[in-house]
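Colleague: Can you pull up the two-chain model? I'd like to go over the interface.

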Amino acid sequence: MSDAITNILLVGVGGQGILLASEILSEAFMLAGFDVKKSEIHGMSQRGGSVVSHVRYGREVHSPIVPEGEGDILFGFEILETYRSLPLLRKGGTVVANDLRISPPAVLLGQEPYPEDLPEKIRAQFPDFLLMDGQKLAADAGNIRAANTVLLGAVSKRLDIADECWQKALEKMVPSKALDVNLKAFQLGRSL
Amino acid sequence: MKEILSGNEAIARGAFEAGVKVASAYPGTPSTEILENIVNYKEIDSSWAPNEKVALEVAIGASFGGGRAIACMKHVGVNVAADPLFTLSYTGVGGGLVLVVADDPEMHSSQDEQDSRNYARFAKVPMLEPADSQECKDFTRLAFELSEQFDTPVMLRSCTRISHGKSIVALGEPVTGLPTPKLVKNPAKLVMLPGNARVRHPLVEERTVKLGEYGSSAPINRIEMRDTSIGVITAGVSYHYVREVLPQASVLKLGMVYPLPMELIWEFAAKVKTLYVVEELDPFIEEQVKAAGIAVTGKEIISRCGELTPGRLRKAFGIPGAAQATVEKLPGRPPNMCPGCPHRGVFFSLNQLKAYVTGDIGCYTLGFMPPLNAMDTCVCMGASISNASGIVRVLSDDEKKKVVAVIGDSTFLHTGVNSLMEMAYNRAPATVVILDNRITAMTGRQDNPASGWTLMDDQTTGVDLVQLCTALGIRNVRVVDPLDLAQTRAVLQEEMNRPEPSVIITNRPCVLVKRDGVFQKGLVLSVDQDHCTGCKACLKLGCPAIEWQPAPDGKKGKAFIDPQLCNGCDVCRQLCKFDAIGRVQ
């Protein structure tokens with residue numbers, strides 16, 4: 001095993017299920033035999049605020065937060081939050097994001113417009129960018145609520161972790177009644 | 001067996017492995033999940049206390065009875081629990097006692113970023129500081145052993161990045177063979193009258209010396225020799241930032257941050273060329289090292305404010321960081337009250353009535369945010385009522401009428417009751433609104449003494465807030481439906497005008513309460529686009545379900561309600577003068 005650390009940042013809006021996704025990632029990395037650390041802020045961010053979760057894995061991980069500008073993969077649950085978080089990513093890093101807009105308060109109030117052309121702006125700085133309609137793909141898999149798992153599948157494809165580790169992590173972290181749909185959603189994302 | 005645990009989960013596991021009998025806490029970010037996980041170990045009597053002082057006193061009682069006990073709180077909770085803590089230092093313990101304190105550098109969810117290590121020194125009790133989840137578990141176990149070995153309470157200090165960070169933990173088996181708790185009379189040790197306390201104090205001072213000696217040989221404090229040109233003394237999460245940013249540096253990693261192992265520090269200082277202390281917040285270690293006459297650099301390069309990050313540490317040591325992408329200024333995304341939150345209409349009304357609002361700690365502190373803009377002060381738990389009681393004493397009769405204190409049910413029971421007692425006793429003519437949403441919402445929906453349920457999910461007696469306020473001497477206690485705007489506003493106006501103390505209690509539950517039947521979603525609302533005139537009255541509520549939709553062709557825009565988000569509280573419908581908002585069947 002090399003000393004290299006892989007840094008993943010999950011970003012979005014409080015209430016989007018970011019913490020569960022980061023827990024599934026962490027579980028899979030542990031099952032694959034890596035050291036893992038994960039960090040995020042609970043509390044105020046749960047009330048619809050911006051959320052950033054850091055997940056790092058490798059032979060030995062020290063800091064629980066990804067050093068600024070060293071993220072390898074940015075996993076975005078909402079497009080404005082994805083764009084906002086680009087400074088966390090290293091040059092040449094990968095962006096996998098859901099094409100979803102959730103208006104922040106100033107936009108809801110009509111004081112500011114929701115920024116336009118964000119996907120184009122992301123691609124201009126980070127050409128390795130996969131933008132997906134998570135909701136639509138999740139609907140295809142059988143449940144619109146499994147959008148996060150589709151995205152997770154797409155992220156998994158960019159990581160060198162064995163299939164069985166993902167399978168076991170999902171089995172452990174997803175409630176049994178929702179497991180089938182989520183496994184299907186995961187495979188759908190993994191095939192993209 | 002290995003698991004990925006958060007620091008809080010690992011502390012709970014450590015308490016279980018240490019054979020803890022009693023656990024008590026008041027919720028507070030980032031400490032809350034410790035008790036929420038301890039309760040999963042059915043062997044432990046786990047409970048929420050009304051406040052941190054009571055939580056610590058419950059733990060002290062269990063310890064005096066011979067059982068191991070743990071009390072958990074956030075940093076500011078120790079301010080409330082400080083009174084028993086300082087005396088507990090003198091009495092020592094029966095069964096081991098551990099006080100867990102979770103600090104919040106950077107104030108992710110707090111009103112200040114006080115450094116709890118100062119309490120360890122102030123109260124003369126040892127403090128351990130874990131650097132990851134494995135140490136959270138192991139140090140919790142060790143803390144109980146040290147507590148009994150040295151006859152002292154032990155503080156375990158976490159911080160947001162430790163409590164809410166996750167890492168891999170190798171689990172252990174629970175201890176066996178702990179003595180069975182029983183009553184043992186020992187008044188000379190446990191009755192802190194001056195005569196007894198004078199005997200105990202020298203023992204406390206001796207204990208601190210012995211703990212310092214222990215620390216110089218204990219494995220939790222360790223020297224890691226690498227390149228000798230730079231030596232860093234550090235502890236807690238900062239240790240991992242040092243390892244990340246200065247991988248070649250020699251490190252003295254402290255697991256016990258009070259008392260300091262001075263012998264070990266001398267030894268380390270002699271081995272390295274330049275010595276640094278890397279610590280968040282106060283120069284706690286640094287000042288003691290400097291006081292010993294050892295040359296060291298610390299706060300000259302590292303801020304006393306905020307948390308450390310690898311980037312900030314790099315900057316401190318002049319190491320260039322990675323190149324970062326830049327983005328323009330974007331609309332921020334601060335937290336907001338939920339759609340259908342019963343607090344929203346109250347703050348809207350207070351804004352309309354131009355009230356001067358003394359605030360308190362909870363979700364409702366978000367009443368400060370635009371467009372509600374209806375909070376003028378917020379100091380600490382319980383302060384809203386006493387601040388209002390004080391402010392009316394200096395105002396003209398006309399201005400007195402504007403003063404309204406707002407406080408949640410859990411915060412009221414935490415430390416607001418004493419404040420209301422004072423207000424009634426001294427007849428201060430302010431209005432108090434108790435925003436009773438049946439839960440401790442901000443920290444993640446914990447039960448409290450008014451909710452009727454315990455942490456262990458047993459049904460119990462709930463405090464009757466109306467009777468309590470009446471018993472305290474408030475003659476005017478009114479209950480309002482906060483989702484009825486006209487009623488809420490009228491009652492607020494009446495009580496603000498009344499030249500004597502009064503209490504208004506709102507009666508709608510938090511929309512996030514999980515218990516069946518407590519919160520009932522109303523019929524979802526929608527905007528009739530033909531009737532909407534674009535007057536923006538409904539937007540003044542700042543509800544996340546209501547969005548302004550600008551018209552593309554320069555015409556006036558209209559409001560839109562997201563049916564996925566709307567909880568059907570009906571408040572926006574009451575505000576619409578054009579009957580454009582209706583319930584969807």
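Colleague: How many residue pairs are in polar contact across the interface of chain B and chain A?

Modeller: The rule finds 21 such pairs, both residues at pLDDT 80 or more. A polar contact is a pair of N or O atoms within 3.5 Å; within protein, one must be able to donate a hydrogen and the other to accept it, and residues adjacent in sequence count only if both atoms are side-chain atoms. This is a predicted model, with local features needing pLDDT of at least 70 and side-chain atom pairs pLDDT 80 or more, while totals for chains, interfaces and linings use all residues. Residues are numbered from 1 along each chain as its sequence is written, chains are lettered from A in the order written, and side-chain values use heavy atoms without hydrogens or water.

Colleague: And how many salt bridges between chain B and chain A?

Modeller: Six, counting a side-chain nitrogen of Lys or Arg within 4 Å of a carboxyl oxygen of Asp or Glu. One joins B:E244 and A:R56, at 2.8 Å from N to O.

Colleague: What area is buried between chain B and chain A?

Modeller: About 4,600 Å², with 57% from carbon and sulfur atoms. That is the accessible area (1.4 Å probe) the two parts lose on being put together, summed over both. On the chain B side, B:K166, B:P331 and B:R333 supply 18% of what that chain buries against chain A, more than any other three residues.

Colleague: How many residues are in contact?

Modeller: Chain B has 55 in contact with 51 of chain A, meaning heavy atoms within 4.5 Å.
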